[in-house]
Amino acid sequence: MARLLDFAGKRKAFTYLGCALSGISQLLSFGPFVCIWFVARDLIEVAPNWQNATNIATYGWAAVALAAASIIVYFCALMCTHLAAFRTATNMRKATTEHLMRLPLGFFDTHATGELRRIIDGCAAQTETLLAHMLPDCAGSVVMVVGMLVMLFAFDWRLGVSCLVAVVISIACLMSMMSGKGMEFMKQYMGALTSMNKTGTEYVRGIPVVKVFQQTVYSFKAFHDSITEYAAMAQNYAVNFCRPPQVTQLTVLNGLVIFLVPTAILLAPGEGDFARFLTNFAFYAIFSAIIPTAMTKLMFMSEAAQMAGDAMSEVGKLLDTPALPVPATPRRTNGTDIAFDNVSFTYEGAAAPALDGVTFAAPAASTVALVGPSGSGKSTAASLVPRFWDVSAGSVRIGGTDVRDMDPADLMGQVAFVFQTNQLFAQSLADNVRAARPDATDDEVLAALSAAQCDDIVAKLPQGINTQLGTGGAYLSGGEVQRVALARAILKDAPIVVLDEATAFADPENEALIQRALAHLAAGRTVLMIAHRLSTVVGADNIVVLDGGHVAEQGTHAQLVAAGGLYARMWGDYEQAVSWKIASDATKTGSAAPGAAAAKGGDAR
Ligand SMILES: Nc1ncnc2c1ncn2[C@@H]1O[C@H](COP(=O)(O)OP(=O)(O)OP(=O)(O)O)[C@@H](O)[C@H]1O
């Protein structure tokens, strides 16, 4: 609770004020019952001459005034706790989101999107209910229980004790549900909920695969299993664990009369002042109606506390995940050359290193290409430059400064990274490009788009750069998305550019445009690029060939082809593949009727 309330910042005081007001509201709510006792006493004293009871109206109005005051104070209490609860949830979401930004990328490989969404959003929402409603209700319930005990003994302690039996049984039932086993159940329940969220998100993302292969939800085994596990857990919790104590509690509370009536029948014969005794009995019979309300509030409070406790532990685990270390006294870099010095890197939990003793240099304003078979470590090497991960051994330096010694914001300012798969947000095209530099003007955005060969994209969008992209808006092809990503990198105007497979989704037409955009982006910058299509790296100043995490060879295209090593073999394979494609295109074009060949313009091209 202390850690939770810390998130409220200055609004923490509102929580305390809200709880105090809720307690006052409860005290005021006892008022009408006391008034009823006075009314009953006056009526019984003058019976059957009811007209002699003179203060009935006064007590009636007092009861109405106290009930109204209780409601108004409770409303104010909820206003206060809601103000604190919303701030707490907001600050929690901010803290977790900000912390995510500082975590190494590897964290996102081991934590699914659905799981993180539940922690950031779901957990904050879970604490909202506790702080906004349950906590003031709990404060009110505590006052209610204490007040109830005072009231129970104020008029006739023997009738009070008979009501108390139900309260004691009810509290025992609550305690049994909150016991060690109950907490364990709640943890498992929350775990099942998280797993369902996680696999559910993966399922939604995988729907295209499910549809293409004509599968059903049952074939998405992880999702199906998590639903059945959740259902079994919820049923087990509700039916086997909670039902016996709940049934006992509700029966006892709603059957208070079971204890009260026999006690009254036993005591009545020995009473000297029977009228007073009858008044007290009437009071207890009416007052006992609020006992179930108090106990139900306590029950909801205990459930909300368990859920908030679980939420806090999830949020705590996320916030305790170590962020990438930030240097105490960051060093600035003077140059834009990149140097890998004996770099080794092993993924968490992996048996073998992805990179082992990799050394190469990319002088300022040069273009260096990373090539090699699949899984040789190209993407891993590229990710070490902007510190998506930290090296296990050796160092990556920019302008002679180890990237780990640089201020992360400074490092990010120096490097533009174009990913293999690029994410466009459901915003306008302009805002998507502006993600690289939020203060860029429309003219600067247009210039970047034009340099990235996106003029045709802007021209075909109904509202130009202000057209909404994504759900409910315009859709772009893979190659077009790639060019927009290059526009982002151009707008960022960083001196170092890392390109991970920039032509991955390009058709021949798009590839030509992307190559032109790349030429624009590379001018005067240090470029580290990964490309599978070897044609795109022929002009690179240096080609580093990786194989199994080692540098197999490096040099210019001509030098490597002449050396007759791995690159020469890859180049040979590439040329063969291209000649096969040309041959198959020629066959297709040749065998088709002239009209069909014209219609198949794309193939002929
Ligand atoms: N997040 C990860 N966790 C564990 N191992 C990983 C992770 N990412 C990559 N690897 C492993 O590290 C090695 C290098 O992978 P990397 O993606 O850098 O290769 P690559 O040369 O870029 O491959 P490709 O050309 O297919 O994209 C591979 O053996 C891969 O299985």
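Helices here are DSSP runs of H or I with at least four residues, numbered from the N terminus. Keep that in hand for these exercises on a predicted model.

**Exercise 1. The ligand shell**

Find which helix gives the most to the shell around the ligand, and sort the shell by class.

*Solution.* Start with the residues themselves: 12 surround the ligand, and the closest are Tyr 347, Ala 354, Ser 374, Ser 379 and Thr 380. Next, turn to the helices. The top contributor is α13, spanning residues 378–384, with 3 residues in the shell. Finally, sort by class: 7 residues are polar, 3 nonpolar and 2 charged.

**Exercise 2. The sheet**

Work out the strand order of the open sheet and explain why β2 and β5 each have one side without a neighbour in the sheet.

*Solution.* The 4 strands run in the order β2-β1-β4-β5, with antiparallel pairing. Because β2 (355–362) and β5 (401–402) stand at the edges, each has a single partner strand, so one side of each lacks a neighbour in the sheet. Now look at one pair: β1 (residues 338–345) joins β2 in the antiparallel sense over 5 bridges. One place to check this is Phe 340, whose bridge partner in β2 is Phe 360.

**Exercise 3. The cores**

Identify the residues that touch the most other members of the largest nonpolar core.

*Solution.* This core has 67 residues, and Leu 486, Ala 487 and Leu 528 touch the most other members. Helix α18 (residues 478–492) gives the most to this core, namely 7 residues. Now zoom in on Ala 487: setting aside neighbours within four places in sequence, Ala 487 contacts Val 433, Ala 448, Leu 449, Ala 452 and Cys 454. A separate second core holds 58 residues, among them Tyr 74, Leu 130, Leu 135 and Val 252.

How values were computed:
Residues are numbered from 1 along each chain as its sequence is written. This is a predicted model: local features need pLDDT of at least 70, side-chain atom pairs count only at pLDDT 80 or more; totals for chains, interfaces and linings use all residues. A residue is near a molecule or strand if its C-beta atom, placed from the backbone, lies within 6 Å of it. Helices (H or I, at least four residues) and strands (E, at least two) are DSSP runs, numbered from the N terminus. Ala, Val, Leu, Ile, Met, Phe, Trp, Tyr, Cys and Pro count as nonpolar, Asp, Glu, Lys and Arg as charged, and the others, Gly among them, as polar. Two strands pair if DSSP finds at least two bridges between them. A nonpolar core is a set of buried Ala, Val, Leu, Ile, Met, Phe, Trp, Tyr and Cys residues joined through C-beta atoms within 7 Å. A residue is buried if 20 or more other C-beta atoms lie within 10 Å of its own, exposed if 12 or fewer, and partly exposed in between; C-beta atoms are placed from the backbone. Two residues are in contact if their C-beta atoms, placed from the backbone, lie within 7 Å.
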